[in-house]
Structures are given as C-alpha cells and as structure tokens.
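Me: I should like to take a close look at a single part of this protein. Please begin with one residue and then work outwards from it, step by step.
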Amino acid sequence: MDTTTFKEGTGSIVCDNSGAGATDPDDGDSFGFDFTAQDWTNYTQMGYWVRSANGLTAGDFNAAYDNNNTCASPIEEFDVGTIAANTWVFKTHTLGVARTSVTTFCYTATASTALDTDQIWIDDIMVGPGVPTFSGSGPWTVSARILDLAN
C-alpha cells in the first residue's frame, strides 16, 4: 500500500521493483488484491487507474482476474497497453468468459525484463454493469460512477 502516490482515496496498491539491480518480476509473476469469492456473472466491465514510474509498452503487463488467490491461471487477462511514465491512466476491459467465483484482481508480467527497476501503482479498481447512457439535449457535462457490487 502506498499512501503517498495514489489517484483516489488514501492509497494505492504498489509493486515496487525499483531497487538497485532489481530483476523481478519475471514473466508470469503477479501482484494484486485478494478477496472473498464473488460471483461476477452480471458484471460486464472492469476498470482501474494504473501508473508506472518508467512507463509501459503494450505487451509488458496484463490485468487479470482469477478464482485462485495466487493468480497462477487467470480466468481472463487483458493487455494494459502503452502508458507514459508517471501518468495515471484509466483503463477499462470488457469481461467475456464465465466468472462465478472470482477471488483476486491481479496484474501479471508478460515479459522477463519489462518491469525491471520499475514501480507500478493500481488504484480505484471497479467492476460494474457497463457504460451508462445519457440522452437529451445539452450543453452539459455529465460525470457518473455507477457500480453494482456484491459487497
């Protein structure tokens, strides 16, 4: 938990691999947030804020969810994509496979050296029913956070 660098609330989840000579995480290593099993069947999207001290390149890093707290065999994975260094970016992914007993939201390294000497922050993880639609005539600015969480 990092209470200095965060996007929402009072802290973010951080994977700090910035130490001298840091050579981990390797391909397949992961970190994330574990919780009591939840049925995500009715959720259609997940979203989160992500930041990297060094920046990320497409193919370096995947967001995932799993029915096992070790994130050893994710139910579904999504490439986080390219992110500029020290920039918070909000990412969303459409969920597409069966997900009746999710116990972790995690991130996996997909290249053996992609995250060496880096720090990755994750914040404000959300799952929900999808994108809300607003209709009518403007002009207006609409901001909405609509979630339907089991807990």
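Is Cys 106 buried or exposed, and what is its relative accessible area?

Reply: Cys 106 is buried, with a relative accessible area of 1%. Because a residue counts as buried when its relative accessible area is under 20%, this value places Cys 106 in the buried class. Please keep in mind that the model is predicted.

Let us begin with the bond that this residue makes. A disulfide is a covalent bond between the sulfur atoms of two cysteines. The structure holds 1 disulfide, and its two members are Cys 71 and Cys 106, with sulfur atoms 1.9 Å apart. The angle about the S-S bond is 50 degrees, and the link of Cys 71 and Cys 106 is right-handed. Cys 106 belongs to strand 7 (residues 102-109), whereas Cys 71 lies in the loop between strand 4 (61-66) and strand 5 (76-79), so the bond ties together parts that are 35 residues apart in sequence. The partner is also enclosed: Cys 71 has a relative accessible area of 4% and is therefore buried. Another cysteine, Cys 15, is buried as well, at 18% relative accessible area.

The next step is the sheet around Cys 106. Strands of a sheet pair through backbone hydrogen bonds, either parallel or antiparallel. Strand 7, which holds Cys 106, is part of an open sheet of 4 strands in the order 2-7-4-5, with antiparallel pairing. The edges are formed by strand 2 (30-38) and strand 5, each of which pairs on one side only. On average, neighbouring strands of this sheet are turned by 15 degrees against each other, direction ignored. Strand 7 and strand 4 pair in the antiparallel sense over 6 bridges. One of the bridge partners can be named: Tyr 65 is matched in strand 7 by Phe 105.

Strand 4 also carries Asn 62. This residue has a relative accessibility of 14% and therefore counts as buried. A polar contact of 3.3 Å joins the side chain of Asn 62 to that of Glu 77.

From strand 7 the chain can be followed onwards. The loop between strand 7 and strand 8 contains Asp 118. Asp 118 is buried yet has no salt bridge, and the nearest side chain of opposite charge, that of Arg 51, is 8.8 Å away. Asp 118 does have polar neighbours, however: its side chain makes a polar contact of 2.7 Å with the side chain of Ser 52. In addition, a polar atom of the side chain of Asp 118 lies 3.2 Å from the backbone nitrogen of Ala 53.

This leads to a second sheet. Four strands form an open sheet in the order 1-8-3-6, and the pairing is antiparallel. Strand 1 (13-16) and strand 6 (89-94) are its edge strands, each pairing on one side only. Here the average turn between neighbouring strands is 25 degrees, direction ignored.

Strand 3 deserves a closer look within this sheet. Strand 3 (residues 45-52) pairs with strand 8 (residues 119-128) in the antiparallel sense over 7 bridges, and it pairs with strand 6 over 6 bridges, again in the antiparallel sense. Met 46 shows both pairings: it stands opposite Val 127 in strand 8, and its bridge partner in strand 6 is His 93. Arg 51 has Trp 121 as its bridge partner in strand 8. Of the 8 residues of strand 3, 7 are buried, so this strand is largely enclosed by the rest of the structure.

Finally, these parts can be placed in the whole. The protein has 0 helices and 8 strands, and from the N terminus on its elements run β-β-β-β-β-β-β-β. It comprises 151 residues, of which 40% count as buried. To return to the starting point, Cys 106 is among the buried residues, and its disulfide with Cys 71 links strand 7 to the loop between strand 4 and strand 5.

Key: Residues numbered from 1 in each chain as written. Predicted model: local features only at pLDDT ≥ 70, side-chain atom pairs only at ≥ 80, totals over all residues. Heavy atoms only, no water. Pairing = 2+ DSSP bridges. Helix = DSSP H or I, 4+ residues; strand = E, 2+ residues; numbered from the N terminus. Axes fitted to C-alpha atoms, helices over the stretch in contact; angles between N-to-C directions. Disulfide = S-S within 2.5 Å. Buried < 20%, exposed > 50% of the residue type's maximum accessible area, 1.4 Å probe, protein only. Lys, Arg positive; Asp, Glu negative; His and termini not counted. Salt bridge = Lys/Arg side-chain N within 4 Å of Asp/Glu carboxyl O. Polar contact = N/O pair within 3.5 Å; in protein donor to acceptor, adjacent residues only side chain to side chain.
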